[in-house]
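Take a look at the chain below. This walk starts in its interior and works outward.

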Amino acid sequence: LGALRGTNNFTTSRNVILAGGGTLHADSGLNVANYLGVVSGNGGLRIINDPAGGGRVALTNLGNNYIGGTFINSGALAVGDDLVLGAPGPGNGITFSSPGSTLITTAGLTSPRDITFNGGAVDHAGNVSTFSGNKTGGGGVTIVNSGPSGTGRIEFRGSNTFSGGMRIAPGATLDIISDLNMGLIGPENGLIIDGDGTLRTA
């Protein structure tokens, strides 16, 4: 798979074509790689960053139509609309590949995509976002909020079957309407609420 790596803050309006998959990489440090053009093609899109350094890739084009799904292998992917995550439908979900994977919602969004959690975090960044697709996987997930404490929330819907439990970090809010929204039930699948983290039952 080919990779495009930005070593400083980087913005491009060029269209990107994935020919059997591809990788976008924001290097270490507080670097942001902004992709304004259309991302198309097949094989899925992989995101690699330095999670310790705070780098992130931002997708912004509502016309993105790549197929094969989005894989956050490490670091952060920032999105403000579900449409930037490529074509809809089966096989085009979101995979959190490791505990260092983070999805940041830079605006409120609604996503019906299936999600696989192998660890990782969802950052609502002060916004209200809803994820209604099936959620599977074995690594659990943490809800965080990089926006002002107590603002916004993540809404999980669906009968989800991921394992590994959930954690709500200080200042973050998770909104559910059923216990099944939080994945499998069992000794290893509990809920940890840190500090002023909030579980909201709608």
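The largest nonpolar core holds 36 residues. Five of them touch the most other members: Val57, Leu59, Leu77, Phe156 and Leu174. Keep in mind that this is a predicted model.

Start with Leu174. Leaving aside residues up to four places away in sequence, Leu174 touches Ile143, Ile154, Phe156, Met166, Ile168, Met182, Thr198, Leu199 and Arg200. So which residue is on the list of core members that touch the most others and is also a contact of Leu174? That residue is Phe156.

Phe156 leads on to the aromatic rings. Together with Phe96, Phe117 and Phe162, Phe156 forms one aromatic cluster. Phe156 also has a charged neighbour: the charged end of Lys135 sits over its ring, 5.0 Å from the centre. Elsewhere, Arg46 and Phe71 make another such arrangement. There the charged end of Arg46 sits over the ring of Phe71, 4.6 Å from its centre.

How many aromatic pairs are there? The count is four, with ring centres required to lie within 6.5 Å. Phe96 and Phe117 form an aromatic pair, with 5.0 Å from centre to centre and 45° between the planes. That pair is tilted, because the label covers angles that are neither under 30 degrees nor over 60. It links distant parts of the chain. Phe96 belongs to strand β11 (residues 94-96), and Phe117 to strand β14 (residues 115-117). The two are 21 residues apart. Are these rings buried or exposed? Phe96 has 0% relative accessibility, so it counts as buried. Phe117 is buried too, because its relative accessible area is 0%.

Now step back to the whole chain. Its secondary structure consists of 23 strands and zero helices. The C-alpha atoms fill a box of roughly 45 × 35 × 25 Å along the principal axes. How does the radius of gyration fit what is expected of a compact globule, and why? With 202 residues, such a globule would have a radius near 17 Å; the chain has 16 Å, so the two agree. Buried residues make up 50% of the chain. Among contacts with a separation of 6 or more, 48% join residues 24 or more positions apart. The accessible surface is about 8400 Å², and carbon and sulfur atoms account for 54% of it.

Two strand residues show contrasting settings. Thr70 lies in strand β9 (residues 70-72). It counts as buried because its relative accessible area is 0%, and the cut-off is under 20%. Beyond residues up to four places away in sequence, Thr70 touches Leu45, Leu77, Leu85, Gly93, Ile94 and Thr95. One of these, Leu77, is among the core members that touch the most others.

Ile193 is in strand β22 (residues 191-193). Its relative accessible area is 41%, so Ile193 is partly exposed. Its contacts, with the same residues up to four places away left out, are Ile168, Thr198 and Leu199. Those three also appear among the contacts of Leu174. Ile193 and Ile115 are 78 residues apart in sequence, and their C-alpha atoms are 22 Å apart in space.

Finish in a loop. Most residues other than glycine have a negative phi. Ala125 has a positive one, near 50°. Ala125 sits in the loop between β15 (121-123) and β16 (128-131). At 21% relative accessibility, Ala125 counts as partly exposed.

Terms used:
Residues are numbered from 1 along each chain as its sequence is written. This is a predicted model: local features need pLDDT of at least 70, side-chain atom pairs count only at pLDDT 80 or more; totals for chains, interfaces and linings use all residues. Side-chain values use heavy atoms; hydrogens and water are left out. Rings of Phe, Tyr and Trp (its six-membered ring) pair if their centres lie within 6.5 Å; planes under 30 degrees apart count as stacked, over 60 as edge-to-face and the rest as tilted. Helices (H or I, at least four residues) and strands (E, at least two) are DSSP runs, numbered from the N terminus. Buried means under 20% relative accessible area, exposed over 50%, partly exposed in between (1.4 Å probe, protein chains only). A charge sits over a ring if NZ of Lys or CZ of Arg is within 6 Å of the ring centre and within 35 degrees of the ring normal. A nonpolar core is a set of buried Ala, Val, Leu, Ile, Met, Phe, Trp, Tyr and Cys residues joined through side-chain atoms within 4.5 Å. Contact means heavy atoms within 4.5 Å. The radius of gyration is taken over C-alpha atoms; the globule rule is 2.2 Å times the number of residues to the power 0.38. Accessible areas come from the Shrake-Rupley method with a 1.4 Å probe; for residues, only the protein chains shown count as cover.
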